[in-house]
Every structure is written in C-alpha cells, then in structure tokens.
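Here's a quick tour of one protein chain, with an eye on its charges. Have the viewer open and follow along.

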Amino acid sequence: MKKIFTVLISAMLCLSLCSCYKTPETTENKEALTENSENESKNDESKTNENEITQTSIEIKPSDAISQNCPNLYSSIIFQLEGEESYVKIFTSAEKDSSGNFLFDDSNKFFISTSIGENSYVLLEEENIQLGRPKINVFEDSNGALHIILSDIRTAQYNVYEFVYDSKDQILNKTTVMENAGINYWGEI
C-alpha cells in the first residue's frame, strides 16, 4: 500500500510541475504565433467581405399583381401621404382557427404590398418563409419622403430592405440594408 501511495504522490507532483512549465519563447515559436494570427486575420477579412452589401437601388414600379396563394390578411397599417390614404398589407397562406388566430406552421407563404395614392407596389412576392414572419416599419422623414423598412426574418436568414418612395416618378427605390444567410436566429426581446 505504501508503494502505491508513493507512486501516486510522485505522479501528482510530476503532473503539477509539468503544468507550471512554460515553453520558452523562441524565435520559431514567435514566428508560428505571428503566422497563425495573420491567417486568422485574413480569414476574418474574407468573412467580412462575404457579408458586405453593395448599396444599389432597384426601382419598383407600380404593379397590379395580387397574391394567388396568400388569401388571408395578416396585418396592415394605414397612413396619410401627401393628403391621401395609403397602406401596407401583409397577406399569408396560414389558416385561421375558429377564434380568428393564425395557425402558423413551420413554413408559410407571405405576400406584402403597398398602395400609395392610386398605385400599388409589391414589396415581397409570394415568398415561402420558414419559421419566421416578415416585419414592416413605415415612417416619413424630415424631408417628407416615405420609408418602408422590411425585415425578412427566418430561422437561418435575416435580411433588411429599405423602400423609399419617389413621389415625382411614382416609384419605390429598394435598397438592401443587410443580408445574412446561414445564421441561427434566436429571437427578439
């Protein structure tokens, strides 16, 4: 028993001394550490470049398009623009229960349109959105320009688009603010 105890104590002492020992910082070690840091920095830069958005604007012209597969009005907002009633409406393929609550499943279609004056515009075609729901924010800036922000949120994707109304040409200019794919969206509070 005494021999086992002595061997055990010796092994513990040896392990504790080994863990305290530091590798000397030789020139080779410093070069290897510097090279690893540079490689990690290059990888981070390439990931950043993948997620960069080129700020280009797409013109959305008036359209008479209506949703064929999203018959249920999910949500809407009415606002005044230049003295005329306008709105944004979100339609969905989700059914309702007897109490009027939507029965969303893991994959529903959504269609979003806006009416400004006499013209209608499609903001989101009949898009299948898995485990998520689009959100809309509408505001008028200090210059009187209408802005519609579309947050397209899904389990593995988070995109934000801004639509700015050009009253002179009666078009919406769509700009991609943020696009993130291959993510794990956990929620909002």
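A quick term before we start: buried means under 20% relative accessible area, exposed means over 50%, and partly exposed is whatever falls in between. By that yardstick, buried residues come to 25% of the 189 residues in the chain. Keep in mind that this is a predicted model. The charged side chains get most of the space below, after a look at the fold.

**Overall layout**

- The chain's secondary structure amounts to two helices and 11 strands.
- Going along the sequence, you'd read the pattern as α-α-β-β-β-β-β-β-β-β-β-β-β.
- Take the contacts between residues at least 6 apart in sequence: 42% of them join residues at least 24 apart.
- About 13400 Å² of the chain is exposed, and carbon and sulfur atoms supply 50% of that.

**Salt bridges: the linked trio**

- Side chains of opposite charge can pair when their charged atoms come close.
- There are three salt bridges in the structure.
- Glu127 pairs with Arg154, with 3.3 Å between the closest N and O atoms. Glu127 sits in strand β7 (residues 119-130) and Arg154 in strand β9 (residues 146-154), so this salt bridge ties together parts that are 27 residues apart in sequence.
- Arg154 also meets Asp152 in a salt bridge, at 2.9 Å from N to O.
- Put together, Glu127, Asp152 and Arg154 form a network of salt bridges.
- How does burial look across that network, buried or exposed? Arg154 and Asp152 are both buried, and for Arg154 that's because its relative accessibility is 11%. Glu127 has 30% relative accessibility, so it counts as partly exposed.

**Salt bridges: the Glu188 pair**

- Glu188 forms a salt bridge with Lys135, and the closest N and O atoms are 3.7 Å apart. Glu188 is in the segment after β11 (171-181), while Lys135 belongs to strand β8 (residues 135-140), so the pair links parts that are 53 residues apart in sequence.
- Glu188 counts as exposed because its relative accessibility is 55%.
- Lys135, at 35% relative accessibility, counts as partly exposed.

**A negative patch on the surface**

- Glu82, Glu84, Glu118 and Glu140 make up a negative surface patch.
- Where does Glu82 sit? You'll find Glu82 in the loop between β2 (72-81) and β3 (84-92).
- Glu82 counts as exposed because its relative accessible area is 59%.

**Lys61 and its contacts**

- Lys61 is in the loop between β1 (57-60) and β2.
- With a relative accessible area of 54%, Lys61 is exposed.
- Which residues does Lys61 touch, leaving out those up to four places away in sequence? The answer is Ser120, Tyr121 and Ile171.
- Lys61 and Ile171 are 110 residues apart along the chain, yet their C-alpha atoms are separated by 5.1 Å.

Methods. Residues are numbered from 1 along each chain as its sequence is written. This is a predicted model: local features need pLDDT of at least 70, side-chain atom pairs count only at pLDDT 80 or more; totals for chains, interfaces and linings use all residues. Side-chain values use heavy atoms; hydrogens and water are left out. A salt bridge is a side-chain nitrogen of Lys or Arg within 4 Å of a carboxyl oxygen of Asp or Glu. Helices (H or I, at least four residues) and strands (E, at least two) are DSSP runs, numbered from the N terminus. Buried means under 20% relative accessible area, exposed over 50%, partly exposed in between (1.4 Å probe, protein chains only). Contact means heavy atoms within 4.5 Å. Accessible areas come from the Shrake-Rupley method with a 1.4 Å probe; for residues, only the protein chains shown count as cover. Patches are made of residues with over 30% relative accessible area and no salt bridge: like charges are joined within 9 Å, nonpolar side chains (Val, Leu, Ile, Met, Phe, Trp, Tyr) within 5 Å. Lys and Arg count as positive and Asp and Glu as negative; His and the chain ends are not counted. The place of a charge is taken as NZ of Lys, CZ of Arg, CG of Asp or CD of Glu.
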